[in-house]
Amino acid sequence: MTDTLLRVQGLKTRLGDDTNPVRAVDGVDLDIRRGETFALLGESGCGKSMTALSLMRLLPPSGRIVDGQAFLGETSLFELAEMDMRRERGGRMGMIFQEPMTSLNAVRTIGDQIGESVSFHDPENRGRVSSRVLELLKSVGIPDPERRLNEYPHQLSGGMKQRVMIAIALAGKPELLIADEPTTALDVTIQAQVLALLKGLQKRTGMAILLITHDLGVVSAVADRVAVMYAGQVIEQASTKHFIGTPAHPYSRKLFQSLPDSRKRGQRLTVIDGAVPKLTQQFNQCRFLERCDKALKICAQVEPPWQSIRTGEGMRCHLEVAETTEGEDQSDQADERPRFTGSNEVLLETRGLKVHFPIRQGVFKRVVGAVKAVDGIDLVIAPGHTLALVGESGCGKTTVGKSILQLIPPTEGSVRFEGAELTRLSRGSMRRRRSDMQIIFQDPVASMNPRMLVGDIIAEGMQAQGIGGNAKQRWTRVLELLDHVGLSEEAADLYPNEFSGGQRQRICIARALAVDPRFIVCDEPTSALDVSVQAQILNLLLDLQEERSITYLFITHNISVVAYLAHEVAVMYLGRIVERGTVEEVLDAPLHPYTQALLSAVPTIDSDTGREITRLEGDMPSPANPPAGCHFHPRCPRAVDACRKAYPETTHLSETRQVSCFEVGEE
Amino acid sequence: MISQLVILWTDALVFLLMLVAILFGIYASRKMHLRRPWRQVVRSRVGMGTLVVLGFYLAIALLDSIHFRPVLEDSAGGNGTTQSAEVISLFDELVSGLRKRQEKTYSAPLAVQLYAKENIELPDGSVMRDYPRLRYGGAHLENPESEWSSDILKLSGFGILKGLLVSFITANILIMLLAVRKSRSYGDEARSILKGHSEIPWRVTFLVLACMLVLVFWSAELSSKYHLLGTDKVGEDVFYQALKSIRTGLLIGTLTTLVMLPAAILLGIMAGYFRGWVDDVIQYTYTTLNSIPGVLLIAAAILMLQIYMSNHADEFNSLVERADLRLLFLCVILGVTSWTGLCRLLRGEALKLREMDYVQAATAFGVSHLQIITRHILPNVLHIVLIAVVLDFSGLVLAEAVLSYVNIGVDPTMNSWGNMINSARLEMAREPIVWWSLAAAMIFMFTLVLSANLLSDVVRDAFDPRLRSNR
């Protein structure tokens, strides 16, 4: 093909020492055409980023390319001298990274940093660097670029920083832009902005984009073609349309089935058992063998060859396409669980909950202001149900969870748990209450002491609460709990770092269960996990709710998880709840403009949802200095004068539903 | 011989420290997260080499820390005391030759004559000005001019041979033990070690061990007949002084740490964990302490102690005890001035750790503060403590030298490298120059500090998690 821009053949990259190397990339072939968006999809640790870094020749010191070729146009990238490679990097090939916060130099203005790239990679514009920088800033949609030129990275929000990164990458007028998880660290509304920007830029400049992501939604939103990576290899390649409709490889099929959404409510999610195999081994069999339920005898003996399906599409599997889809239950089961219609019973209730962090200044630490992280929250949770708290990062969701558990003392308001006012309990009686409520954190790595054995970690709560009998009985219970969350008993004698992310999250759940809580705050328990592992954890949480009728406060930004397991939803913006109601009410017919924007910003795999698309401009303001009137009015597409003057009253539409918006209030 | 054991304050603390170290070793061997970095230390060539060198220093210091009063074997029969008032150590006893063979004044290394000409009265009554023969150094030689060099060569050869023999035997015993432990044949084990294939770099270890043993036997052989590093102003053997100074140096390096650690760990963690007013009080304390010049504080404390000692001279039984108390006091005051650095480091770390999810989870279980500190915070800052201790050690050894040089260090009667350097100040001004005191102190101190620094690099590499992920 003449329009092929990048051709990669048999790329093999190894990490670590020679005796036992990690085969991070193990024979990858790719063809990227001019002007297309090519997505590289896969779980963490499958070699996506290593592929990109190999192409840029930016591997970590222990990494090396042992085999393969890569051609950018006619240039063979791996044969260039380092001097010439420097010109390609940031010239014809630009790259943007996941973490915009650490990709920029904190002590230089952004104008400087973009200018550097311009003067190195764009000889035509060397004489007019500053005006070129201005053009670039405008092209990535940064408002008021003249002023931003002289600002430092810390003065910009995450989304703005990512735009600056894109501007730097654009400075060399790249033919290929490698974007390594460019939106993973950003919120959904910002993610939507950045993805739209990338698409727009591509249309204008005709550059190709190699998009590395783990998010099926992002793939379906922007990619033209997809390659799925698994354990260092591309196992399937297809056009996005075909891939979303009928994924061929068993792994891809499972990946789709394990995605939670509202149609799978009440069903167990399909789980891909096990984990990605260790890449230190030499493979003679199919890499997916252990996790595949359609494996044949031959799969264990011969590594499957590349099987072409259509031009430019294919998969690495012994099965025929028709066979991979066999025997799958395609029928959508009816919603088994009864719809939640409100309940008179109350397990937990907050009234006007406020958490303000004082801002202190000066020698005497005078309070000059407050970060209003949580600013008057009313919540009611019925026993045995799940309330999902949804919002972007920085809106105060986590603070709500922690202040309910009194891990952060609330500034004002009341938290009643089974009628007892938690905010007024003494330290001692609060300590006794602690076994009733527990918390599961987002990051399973940080939530376990790396210096303690798993068994001790799980037993710690029982010991502190003085329950579970003597040490020996407690240990028996620890083993039971491990079994309950699907781990073997040997796990008790190991350290946390010997487990994968999903297993660690199971241990965290076991630890919380040890004290028999009735209420658990789940603080984004799956957002640090891969899709296939997320399904395992969600299944476990639902099973536990069914068995023990545990109540969850589920804090998340992932709408599809909410749709899958929550009974009620509360949407938070800047410390306040803007809309709440049952899942069906809020997700199917959102009333508040913010909820609508949030829902439409989420990239979904079915591209045609018929929903009106609301793109939000700008970023969330700082909770230290919220806008006057309705907090949302600066970003609201339908703001009127009244919104700028006062915060709208809460309108109760039904027993379960409430919205804080003038528009709704008037109706 | 040994009649009465004398336990000095510092002796007691040294053995307490040894006990703590051994207990910590046993504790660490059970905990994987502590055992693994140590294994990495033991597997590095630099680590094993420096450990051997430090082992020799430690052995001398420990031998020098067992004190007693010897019974005088008065053959003359009661023209003095039978129980010596002098306190000596086991090490003194071992090298009693070095200690007792005092010359009149300066003599150069391996010399047979004094360093300066003197008037010598000849048997026939006439007086001649010449370099007099030493009383002990090379006294066995009839005719020094012709026999000296061959005698030195003979003794050196003899010493080196002995050293090689002993190291050969030691190495073989060790190889045999290793072979038994791994249940392999002796030949296999020896081959894998000599080819450098063993996991622990035994080849390097044996090499360093052999070097040290040869050095020990060579110097023992020579110093039995000569003054290996010469003598000082009052005719004392400089080699002996340098060896005796090892204990002082090691004590300052380790005891100071012992004094400083509890304060630094406790206050640092408390400040970081509790924050609020506790943090304010602790922070202000160490900022205040830090803004007083350390040397002045030490000088003031030592001067006060000196005055106390001269006013209460009768409370001390011997000079050694007096010197010992001053050494201890120096350790304490050095500890007081040096805990702030580690404390600040630990405060920062505790501030970070208290926000970790696992501490929050423990709070959510109602775990008490004390337990959170001991179970969650302390084990996670131990690596920092360890790195700080090893890094501080060499700094403290050098600090002693500097303080003694300005006369506010250890007691002038105590052997220490600082005192040796201090006295060398005057000797350097002599013509011809007396260089060996200074050189001896420098060589011994340099070897100790260099090995300690190299070891601390290895320890830091092994324990610092950020460095670990890079390889």
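**Exercise 1. Find how far apart the C-alpha centres of domain 1 and domain 2 of chain A lie.**

Solution. In this predicted model, the C-alpha centres of domain 1 of chain A and domain 2 of chain A are 34 Å apart. Next, place the two parts on the chain. Domain 1 covers 4–245, and domain 2 covers 348–666.

**Exercise 2. Describe the contact between these two domains, starting with how many residues each gives.**

Solution. Start with the counts. Domain 1 of chain A gives 18 residues, and domain 2 of chain A gives 16 residues. Now look at the domain 1 side. Two elements, α8 (188–205) and α9 (216–222) of chain A, supply at least two residues each. Of the elements on this side, α8(A) gives the most, with 6 residues. Last, sort the domain 1 side by residue type. The split is 8 nonpolar, 8 polar and 2 charged.

**Exercise 3. Work out how many residues chain A and chain B each bring to their contact.**

Solution. Count each side in turn. Chain A contributes 20 residues, while chain B contributes 16 residues. Then ask which elements of chain A take part with two or more residues. They are β18 (437–440) and α15 (454–465) of chain A. The largest share of the chain A side comes from α15(A), with 4 residues.

**Exercise 4. Sort the side of chain A that touches chain B into nonpolar, polar and charged residues.**

Solution. Take the nonpolar group to begin: it holds 10 residues. The polar group has 5, and the charged group has 5.

Terms used: Residues are numbered from 1 along each chain as its sequence is written. Chains are lettered from A and ligands numbered from 1 in the order in which they are written. This is a predicted model: local features need pLDDT of at least 70, side-chain atom pairs count only at pLDDT 80 or more; totals for chains, interfaces and linings use all residues. Two residues are in contact if their C-beta atoms, placed from the backbone, lie within 7 Å. Ala, Val, Leu, Ile, Met, Phe, Trp, Tyr, Cys and Pro count as nonpolar, Asp, Glu, Lys and Arg as charged, and the others, Gly among them, as polar. Domain bounds come from an automatic or database domain assignment.
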